[in-house]
Amino acid sequence: MQRSKLFVVLPRIPWPLEKGDKLRAYYFLEGLSKKHDIFLFALYRKKYDKESQLKIENIVKQYYFFKISIFELLLNAFFALFTKKPFQVAYFSNYFMKRKISKLAKIEKPDVVFCQLVRTAHYVKGLNCKKIIDYQDTLSLGMKRRADLATGLKRKLFQVESSRLLKYEKLIENWFDERIIITEQDLLHLPVNKNEVHIIANGVDTDFYYDSKKENANEILFVGNMSYAPNVNAVEFFCTKIFPEIVKKIPNAVFYIVGADPHWKVKTLASDNVVVTGWVNDSRIYYERCAVFVAPMQIGTGLQNKLLEAMSMTRACVTTSLANNALGAVHEKNILIADSVDEWVEKVLYLLENSSERKQIASNARNFVLENYSWNAQIEKLNKII
C-alpha cells in the first residue's frame, strides 16, 4: 500500500508525556507512522533533551522544532490586546514555523495536514490539501469554568478569553475538512455543527500500565501536571476539605501528589501525611503502591488520562461526575462517584476500609479500560478519517 504524506502541527514537542495533549499527540504519531510518512512541526519553550529528539526521530520522516522566545511571547501578548484573537492562540504563534510549513507544503505536497488544538489552526489556513483539526477539548468551556471560580481581575480575564475562544472555535470550523474531539461531553459545548465532528477518545497503553495486584494500605494518590490549574484546584479541594476527615479516622493515611512542575499552592500542601513529589521518571511506581486513586476534578474539560492509567493498573478510583461524564464508567462497578464533601469522605473511607470491595472495583476498572480505551482502536478511527 502506498504511504501518504502527513503534515502534523503541534503546539508542543510530544515528549516527555507529562501533559495530556502531548500524550495524545505521541500515541497518534506512533500509530499513524505505520501507514504514513509524517512531517512534524512543533513549538517549544524550554530546551528539549536528546531523549525527546530520539523518541520523535523513531516515528517521523522529518521533524522541525521552533522555539518561542520571551520577546516573541511578550510581542504576541501585546498585539493580542488589540485584536479578537484568543491569548493562547497568540501565545503559540511563530512566524518561522508558519513560513516553514508554507514553504515545505509547496515542495512535498502533503496529502493531509493534521493540527492539534485550535492553537495551531492558523498555521495551515489556506493550504491546498485535506485538513483535519483535533479540537481535543472545548477550550472555551474550560476557560469559562475557571472564570466561574475566580474573582476580581482574574475572573474578568478568564471571561474575555472564554468569549474569544468560543468565537475562534466557530471561526476555524470551515478552515478544515474534518474535525475531531475527545468526548461527547465537550462536543455538546463546541460551537460548531455537531454532526460534522468525529469523537476519537484518548487511549491507554495497557501493556505499559500493567495489571498490578500490589498495594500499600492507606495510601492515596493523585497524578497530573501540577502547574495545570484544574489539577491544582483538585488537590487543594482534596487536601483542605476531604483528607483531614480521612486522617481523623485513619491517622497513618498518606496522600501522594505526583507530577511535574508543582505550583507553589501545591507545595504548601505538603505535610507529614501529604507528599508532593514533583516530576518522577515513572509514575507506575506510585500507581502500583496506592490503595485508592482520586481525581477530584472541579473544573476542566476532556477525558482524564490519569484515570485511564490508574484503572489500567487495577486501582480503585474515586472521581467526580464532571470527570466521569467524559469517561463513562459505571458507578459502584468500575469506579465510585463523589461530588459533595460528605460523599468524598464516605467513598474514600469505604474503599480504604473494605479490601474485598476495593479489589473488585479495581479489577472491574482494568476490564473497563481494556474493553473501551485501547490506542489501536482510536488510531484506526483516525486512519479512516485520513
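This is a short talk on a few residues, strands and salt bridges in one protein model.

Hi everyone. Before we start, please keep in mind that the model on the screen is predicted.

Let's begin with strand S1, which covers residues 4–10. How many of its 7 residues are buried? The count is 6, so to speak of S1 as mostly covered is fair. Beside S1 runs strand S2, residues 36–44, and the two are parallel, joined by 7 bridges. If you would like one spot to find on your own screen, look for Val9, which stands opposite Phe41 in S2.

Now let's move along to strand S5, residues 130–136, and pick out Tyr135. Is Tyr135 buried or exposed? Its relative accessible area is 0%, and because buried means under 20%, Tyr135 counts as buried. What does Tyr135 touch, once we set aside neighbours within four places in sequence? Its contacts include Leu117, Val118, Ile172, Ile180, Ile181, Leu190 and Val192. There are charged residues in that list too, among them Glu169, Glu173 and Arg179. For a sense of distance, take Gln62, which is 73 residues from Tyr135 along the chain. The C-alpha atoms of Tyr135 and Gln62 are separated by 24 Å.

Next topic: salt bridges. Side chains of opposite charge can pair when their charged atoms come close. In this model the count comes to 15 salt bridges, and I'd like to show you three.

Here is Asp134, whose salt bridge partner is Arg24, with 2.8 Å between the closest N and O atoms. Asp134 belongs to strand S5 and Arg24 to helix H1, residues 20–32, so this pair links distant parts of the chain, 110 residues apart. Both partners, Asp134 and Arg24, are buried.

The second pair is Glu215 with Arg358, and here the closest N and O atoms are 2.4 Å apart. Why can we say that this pair ties parts of the chain together? Glu215 sits in the loop between strand S7 (197–199) and strand S8 (219–223), while Arg358 is in helix H15 (residues 355–372), so the bridge connects parts that are 143 residues apart in sequence. Glu215 is partly exposed, at 26% relative accessible area, whereas Arg358 counts as buried, at 6%.

The third pair is Asp282 and Arg284, with closest N and O atoms 2.7 Å apart. Asp282 is partly exposed, with a relative accessible area of 22%, and Arg284 is buried, at 18%. Those two values fall on either side of a cut-off, because buried means under 20%.

Now for a charged residue without such a partner. Asp186 lies in helix H8, residues 184–187. Although Asp186 is buried, it has no salt bridge. Which side chain of opposite charge is nearest to Asp186, and how far away is it? That would be Arg145, at 5.7 Å. Leaving out residues up to four places away in sequence, Asp186 touches Asp137, Thr138, Ile181, Thr301 and Gly302. You may remember Ile181, which was also among the contacts of Tyr135.

Finally, let's go out to the surface. There is a nonpolar patch of about 690 Å² there, made by Phe71, Leu75, Phe78, Phe79, Leu81 and Phe82. One of these, Phe79, is in helix H3, residues 70–80. Phe79 is partly exposed, with a relative accessible area of 47%.

That's my tour, and thanks for listening!

Definitions and conventions. Residues are numbered from 1 along each chain as its sequence is written. This is a predicted model: local features need pLDDT of at least 70, side-chain atom pairs count only at pLDDT 80 or more; totals for chains, interfaces and linings use all residues. Side-chain values use heavy atoms; hydrogens and water are left out. Patches are made of residues with over 30% relative accessible area and no salt bridge: like charges are joined within 9 Å, nonpolar side chains (Val, Leu, Ile, Met, Phe, Trp, Tyr) within 5 Å. Accessible areas come from the Shrake-Rupley method with a 1.4 Å probe; for residues, only the protein chains shown count as cover. A salt bridge is a side-chain nitrogen of Lys or Arg within 4 Å of a carboxyl oxygen of Asp or Glu. Helices (H or I, at least four residues) and strands (E, at least two) are DSSP runs, numbered from the N terminus. Buried means under 20% relative accessible area, exposed over 50%, partly exposed in between (1.4 Å probe, protein chains only). Lys and Arg count as positive and Asp and Glu as negative; His and the chain ends are not counted. Contact means heavy atoms within 4.5 Å. Two strands pair if DSSP finds at least two bridges between them.
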